[in-house]
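This is a note for a colleague who has not looked at this structure before. Please read it with the sequence and the model open.

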Amino acid sequence: MALVVDCRAPDCLRWSCEDVAAWIERCGFPQYQECFTENYINGRKLIFVNCSNLPQMGITDFEHMKEISLRVRELLGIEESLFSRSISMPHRDNMGLFLEQKSQSGPRGDALTYIQFIKEQKL
């Protein structure tokens with residue numbers, strides 16, 4: 001089944017692990033290319049890269065963690081989660097929620113579009 005590309009979904013969702021490693025090098029962190037490839041971080045998995053899980057990947061410099069997390073959010077077009085938000089609010093903006101669904105492999109993740117997601121979630 002062919003990947004259905006959504007006009008609102010970032011192009012980076014189609015990146016391979018090697019594409020992500022090249023991107024992290026362009027961001028100024030060539031020392032972490034291996035961390036990303038060894039952890040099989042492809043474009044779909046970038047949604048899960050943040051300060052909470054970067055240490056598990058071997059990235060422990062706090063300033064680097066903040067910068068990489070910021071770059072991922074910018075690349076994906078998502079907002080930073082606010083720690084002062086109410087627990088009744090969704091933990092991500094609509095695009096972030098969509099990208100979490102889109103990150104799943106298989107026919108559903110491949111075919112899911114942003115408009116379809118918004119309609120299904122009644123957002």
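The numbered points below go from the whole chain to single residues.

1. Status of the model. The structure is a predicted model. Its mean pLDDT is 81, and 83% of the residues score at least 70. Residues 1–6 have a pLDDT below 50, and this stretch has 14 contacts in the model beyond near neighbours in sequence. Those contacts should be read together with the low score of residues 1–6. Among the elements, α1 has the highest mean pLDDT, 97, while helix α5 (residues 94–102) has the lowest, 76.

2. Overall make-up. The protein has 7 helices and 0 strands. Read from the N terminus, the order of elements is therefore α-α-α-α-α-α-α. The chain counts 123 residues, of which 39% are buried. The exposed surface comes to about 7400 Å², with 53% of it supplied by carbon and sulfur atoms. Of the contacts between residues at least 6 apart in sequence, 48% join residues at least 24 apart.

3. The buried side of α1. Which residues of helix α1 are buried? In this helix, spanning residues 17–26, they are Cys-17, Val-20, Ala-21, Trp-23 and Ile-24. Because they cover an arc of only 160° around the axis, they lie on the same side of α1. The spacing fits a general rule: an α-helix has 3.6 residues a turn, so residues three or four places apart point the same way. The cover over the buried residues of α1 includes α2 (33–38) and α4 (62–76).

4. The other side of α1, and its end. Glu-18 and Arg-26 are exposed and sit on the face turned away from the buried side of α1. Just after this helix comes Gly-28, with a positive phi of about 100°.

5. Thr-37 and its link to α1. Thr-37 belongs to helix α2. Leaving aside residues up to four places away in sequence, Thr-37 touches Cys-17 and Ala-21, both of which are among the buried residues of α1. Thr-37 and Cys-17 are 20 residues apart in sequence, yet their C-alpha atoms are 5.5 Å apart in space. Thr-37 itself is partly exposed, because its relative accessibility is 29%.

6. Cysteines. How many disulfides does the model have? The count is 0, which means that no pair of cysteine sulfur atoms lies within 2.5 Å. Cys-12 is buried, with a relative accessible area of 2%, and Cys-35 is buried as well, at 15%. Cys-17 is likewise buried, in α1.

7. Aromatic pairs. The model has 2 aromatic pairs. One of them joins Trp-15 and Trp-23, whose ring centres are 6.2 Å apart with 50° between the planes, a tilted arrangement. Are these two rings' residues buried or partly exposed? Trp-15 is partly exposed, with a relative accessible area of 21%, whereas Trp-23 is buried, at 7%. Trp-15 is not counted as buried because the cut-off is under 20%.

8. Ser-69 in α4. Ser-69 is a residue of helix α4. Its relative accessibility is 4%, so Ser-69 counts as buried. Apart from residues up to four places away in sequence, Ser-69 touches Asn-50, Cys-51 and Leu-54. Helix α4 also takes part in covering the buried residues of α1 and those of α5.

9. Helix α5. Why is α5 described as largely enclosed by the rest of the structure? The reason is that 7 of its 9 residues are buried. The buried residues are Met-95, Gly-96, Leu-97, Phe-98, Leu-99, Glu-100 and Lys-102. What covers them includes α4, α6 (107–111) and α7 (114–121). This description should be weighed against the mean pLDDT of α5, the lowest among the elements at 76.

10. Tyr-40. Tyr-40 lies in the loop between α2 and α3 (54–57). Although Tyr-40 is not a glycine, its phi is positive, about 55°. As a general point, most residues other than glycine have a negative phi. With a relative accessibility of 63%, Tyr-40 counts as exposed.

Methods
Residues are numbered from 1 along each chain as its sequence is written. This is a predicted model: local features need pLDDT of at least 70, side-chain atom pairs count only at pLDDT 80 or more; totals for chains, interfaces and linings use all residues. Side-chain values use heavy atoms; hydrogens and water are left out. Buried means under 20% relative accessible area, exposed over 50%, partly exposed in between (1.4 Å probe, protein chains only). Helices (H or I, at least four residues) and strands (E, at least two) are DSSP runs, numbered from the N terminus. The arc is that of the directions from the helix axis to the C-beta atoms. Contact means heavy atoms within 4.5 Å. Rings of Phe, Tyr and Trp (its six-membered ring) pair if their centres lie within 6.5 Å; planes under 30 degrees apart count as stacked, over 60 as edge-to-face and the rest as tilted. pLDDT is the predictor's confidence in each residue, from 0 to 100. Accessible areas come from the Shrake-Rupley method with a 1.4 Å probe; for residues, only the protein chains shown count as cover.
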